[in-house]
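The following paragraphs examine a ligand site and a pair of strands. Please keep the sequence and the three-dimensional view at hand while reading.

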Amino acid sequence: MSAIESVLQERRVFPPPAAMTASASVPGMDAYLALVAEAERDYEGFWARLARETLTWKTPFTKVLDESNAPFYTWFEDGELNASYNSLDRHVEAGNGERVAVIFEADDGAVTPVTYSDLLGRVCRFANALKKRGIKKGDRVVIYMPMSIEGIVAMQACARIGATHSVVFGGFSSKSLNERLVDVGATALVTSDEQMRGGKALPLKSIADEALAMGGCEAVKSVIVYRRTGGKVAWDEGRDLWMHEVVANEPDTCVPEWVGAEHPLFILYTSGSTGKPKGVQHSTGGFLLWAAQTMKWTFDWKPTDIFWCTADIGWITGHSYITYGPLAMGGTQVVFEGVPTYPNAGRFWDMIARHKVNVFYTAPTAIRSLIKAAEADAKVHPKSYDLSSLRILGTVGEPINPEAWVWYHENVGGARCPIVDTWWQTETGGHMITPLPGATPLVPGSCTLPLPGITAAIVDETGQDVPNGQGGILVVKRPWPSMIRTIWGDPERFKKSYYPEELGGKLYLAGDGSVRDKETGYFTIMGRIDDVLNVSGHRLGTMEIESALVANPLVAEAAVVGRPDDTTGEAVVAFVVLKRARPQGDEAVKLANELRAWVGKEIGPIAKPKDIRFGENLPKTRSGKIMRRLLRSLAKGEAITQDVSTLENPAILEQLGESA
Ligand code: WTA
């Protein structure tokens, strides 16, 4: 069943629980509409109010939005603040130093609570250590770390001294890490000896060594290593330093570096439809405002809440809803090192029960894989755990199919917890379209309505609004504080990718297709309209995978498309032409495995094609363009309805229909 068909079949509406509405930060639809109206009436005044109420400023801003250099918008530009001060010091100064900031649970189940005072001390010590190594405001520091307290400390320490961090997900290969180190011009790298996931140790330091040896990143003078496992590592004296040694004699205070609101807090690489991954640059003031504000609105954050976002700090969700949002609010959160299926597929439910988690935020892929496990084994079914502490559930990263939504609602949320299906992107910095738990009636599979102040709309190819009920291109009409500022080092690409002339140059192009419901105006996201795939909620460019494949000496040509997948949302299917004869049988299987491993090395295991098809050629039009629609049909195993009369060798369709 397609996503749209299943949305159409599930038309039940789930109103917010009355008790939730009574105590919510946005108590009901009237309150929501009042905020929307406030933003419409006085756009800048609305954002200025939130920025004053939610953040602590060293120097108050007098300007709000500056559109004079559109689309390079600035927000709160003459205000000064520090993200680490807002995340830590202000809570300690308010007398909440003994509140637990992070409940860290390791892969093996060991639990370490860290208070706000502790965390502040650790961040200051590491910030001082970075300064001693000559790292200063404006420098870029790459962080290639496991999920850990130390990872959060490293990010916050950069923010404290005004260095811009660029976190690279620990699952990326040495080549991907090298490309990011080079592109961002890093002067330091923070990593760890190994990372533990599902009982297995993965050698981060040796991958980092490989990345550095590939060259182009000679500016990296210090490599600071967190000792996670004590596993053996190679050591470059003079360059490599142990984290515990560099912080040992540092004082636990460090005056924050006050920065302008537009100062780049971080650069995070993400995949686009063309070329290499792009470094999405975020500001300090606007980003932090929205990370904190959406904690309040979307997650109805309360000081007593235990919040748990299962994302990795290597992705935007981990930036906004682990490192910054929950800490900026002074909240308590669970941070988890491991994977949902270790030691068994009940791990999430067990952790929710043990830590009495109130707000739980995860990805549809995780839910779908846990449904399968729960149905096969009652011991790991959420009903076997006491999940009564939960009050709100959330999802992010990809569309959630209504079947998975209903299962999550009934079995995890006990039919009592609203689900916030949050649509947003690396570029948006925080939630954009999402239900509010005390206000919005829920429809499974729909992310419902834009947050107050967010002017999301659906337009056609020329930028004209389309009526509700008619699908189109998802855009945002007005700039918002937490939006991407530019692509690091490539402002032209920023303009072209996000403010294309075809749409008039004034609309932010999200890259997703969407439709609004005729009656409710609710948004449903239909997936990417460009060549970006979404596999288990991870963004991958088809071009990146194609480039990785053709870099293999055996490969002459490759084309990559996505195919719907029950668990991962989409799966990568690669069509490959070798420089030698088309392999068959066992040889094809062997070569397919080789190519998979190759892509794993080039990009990272998340990009490995699930399905590889070998052909003597690829289907092309007369002008030589690869017929991707045809490939998508072949990938799905659909009957070919397109006109294929222009194909030189129709026999290749049969070849490409067969998986290796
Ligand atoms: C998709 C992740 C449907 C979408 C925060 C978007 C979603 C891309 C949802 C961004 C959702 C994210 N429903 N699709 N609730 N949330 N997406 O940059 O295609 O890793 O463009 O940011 O994920 O992925 P990114």
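A residue is called buried here if its relative accessible area is under 20%. The model is a predicted one, and this cut-off can be applied to strand β21, which spans residues 456-459. Ala456 and Ile458 point one way from β21, Ala457 and Val459 point the other way, and all are buried. Such an arrangement is expected because side chains in a regular strand alternate between the two faces of the sheet.

Strand β21 has a partner in β22, residues 472-476; the two pair in the antiparallel sense over four bridges. Within this pairing, Ala457 of β21 has Val475 of β22 as its bridge partner.

The discussion now turns to the ligand. The shell around the ligand holds 17 residues, of which Asp421, Thr422, Thr426, Asp512 and Arg539 come nearest. By class, six residues of this shell are nonpolar, six are polar and five are charged.

Several polar contacts can be located individually. Two involve the protein backbone: a backbone N or O atom of Thr422 lies 2.8 Å from a nitrogen atom of the ligand, and a backbone N or O atom of Glu398 lies 3.4 Å from a ligand nitrogen atom. Thr426 contributes through its side chain, with a polar atom 2.5 Å from an oxygen atom of the ligand. Of the 520 Å² of accessible area that the ligand has on its own, the protein covers 95%. The elements that supply two or more residues to the surrounding shell are α12 (316-328), β20 (419-422) and β25 (523-528).

Conventions
Residues numbered from 1 in each chain as written. Predicted model: local features only at pLDDT ≥ 70, side-chain atom pairs only at ≥ 80, totals over all residues. Heavy atoms only, no water. Buried < 20%, exposed > 50% of the residue type's maximum accessible area, 1.4 Å probe, protein only. Pairing = 2+ DSSP bridges. Near = heavy atom within 4 Å. Polar contact = N/O pair within 3.5 Å; in protein donor to acceptor, adjacent residues only side chain to side chain. Areas by Shrake-Rupley, 256 points an atom, 1.4 Å probe, with all protein chains shown as cover. Nonpolar A, V, L, I, M, F, W, Y, C, P; charged D, E, K, R; others polar.
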